[in-house]
Amino acid sequence: MATPYLSRRGAQLANLSRRGNNTHLSVLVRQIQSSTFQTASEWLNYIEDKTSGTNLVKKSALDYLLRACNTEDDLRNCAAKAFKVYGDKRIEMNQTAAGLFLNACFRINDPSAAVEVLEDESKRVQVWIGKSAFNKLLTRLDAKYPPAAAAAEGEGGGARRAVAEMERALAAVRRAGFRPTPRTYHLLVNSCLKRDDLERAQKFADQAGSLLRASTAEALATRVSQQQQQQAKSMEGEAASGQNEEGEDAGGGEGSK
């Protein structure tokens with residue numbers, strides 16, 4: 001039995017159909033669809049049923065599914081299967097769906113899942129990701145693996161993982177023709193500096209070239225200078241310690257005669 005909501009909407013649908021109002025009709029159809037299926041698994045079933053045989057499905061169905069992804073299973077099971085269906089049917093991804101997928105990753109606090117999908121060329125997300133959406137991914141990775149974890153976890157710890165995954169994400173989208181913005185490189189370099197990863201910071205700065213903000217370049221230069229000064233002091237200390245040890249050895253030798 002139809003719910004009161006669907007009965008009411010059905011009457012409106014019939015009325016609009018008689019009047020030939022196609023614009024409002026399509027809007028109402030989308031509203032009914034989004035109210036009919038509430039979960040990602042329901043939308044996946046709809047997509048799979050709709051595409052059985054040689055049938056096709058609209059791109060909007062994928063959008064609705066991604067909006068309904070609220071758990072890891074939704075993302076790694078339902079969304080992954082839907083991507084495959086669309087790929088098999090050669091229904092191209094678009095920027096809206098790419099953004100919705102990233103938002104789904106953010107909702108479950110799993111930006112790493114987004115990096116994995118960006119590296120999977122068959123899913124086409126890396127082709128359609130917008131610049132603001134990609135920059136948001138970088139900020140989420142930075143927050144997911146905070147710099148404070150560096151001291152506790154060491155060189156291979158979670159704090160360094162943030163920068164490593166940023167590097168993977170950037171490589172994936174650049175292969176697809178993505179053009180980073182000055183903010184992109186600012187986020188990358190700044191994340192490296194917060195984790196004392198000056199090698200990667202310099203690498204990103206070199207990639208940025210003229211896109212690197214003056215303030216970002218200055219911050220990097222300052223940190224490099226500080227590191228060089230610390231290394232020089234450390235070498236001086238080691239040299240002085242070595243001389244003291246040699247003097248003590250020489251003094252001990254004379255006393256034994």
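Here is a short chat about how the helices in this predicted model are described.

Reader: What makes up the secondary structure of the chain?

Author: Helices and nothing else: the count comes to 14 helices and 0 strands. Going along the sequence, the pattern reads α-α-α-α-α-α-α-α-α-α-α-α-α-α.

Reader: Why is helix 4 called roughly antiparallel to helix 5?

Author: Look at the angle. The axes of helix 4 (residues 59-67) and helix 5 (residues 72-88) cross at roughly 170° and come within 10 Å. Angles over 145 degrees count as roughly antiparallel, so helix 4 is roughly antiparallel to helix 5.

Reader: Which residues meet there?

Author: From helix 4 you have Lys 59, Ala 61, Leu 62, Leu 65 and Leu 66, and they meet Cys 78, Ala 79, Ala 82, Phe 83 and Tyr 86 in helix 5. Sorted by class, this contact has 9 nonpolar, no polar and 1 charged residues. Lys counts as charged, and Lys 59 is one of the helix 4 residues in this contact.

Reader: How do you know that helix 4 and helix 6 are roughly parallel?

Author: Same kind of check. Helix 4 and helix 6 (residues 95-107) pack at an angle of about 15°, and their axes are 9 Å apart. The cut-off for roughly parallel is under 35 degrees, and therefore these two helices get that label. As for handedness, helix 4 passes helix 6 in a left-handed crossing.

Reader: What residues make that contact?

Author: Helix 4 brings Leu 62, Asp 63, Leu 66 and Arg 67, while helix 6 brings Thr 96, Ala 97, Leu 100, Phe 101, Ala 104 and Arg 107. By class, that gives 6 nonpolar, 1 polar and 3 charged residues.

Reader: What makes the length of helix 12 close to the expected one?

Author: Helix 12 (residues 182-194) has 13 residues, and the span expected at 1.5 Å a residue is 18 Å. From its first C-alpha to its last, helix 12 reaches 18 Å.

Reader: Which residues of helix 12 are called buried?

Author: They are Thr 184, Tyr 185, Leu 187, Leu 188, Val 189, Ser 191, Cys 192 and Leu 193. The label buried needs under 20% relative accessible area. Across the chain, buried residues make up 37% of the 257 residues.

Reader: What comes just after helix 12?

Author: There you find Asp 196, which takes a positive phi of about 60°.

Reader: How many of the contacts in the chain link residues 24 or more positions apart?

Author: Counting contacts with a separation of 6 or more, such pairs account for 65%.

Note on methods: Residues numbered from 1 in each chain as written. Predicted model: local features only at pLDDT ≥ 70, side-chain atom pairs only at ≥ 80, totals over all residues. Heavy atoms only, no water. Axes fitted to C-alpha atoms, helices over the stretch in contact; angles between N-to-C directions. Parallel < 35°, antiparallel > 145°, perpendicular 65-115°, else oblique. Contact = heavy atoms within 4.5 Å. Left-handed = near helix turned anticlockwise from the far one by under 90°. Expected span 1.5 Å × (residues − 1). Buried < 20%, exposed > 50% of the residue type's maximum accessible area, 1.4 Å probe, protein only.
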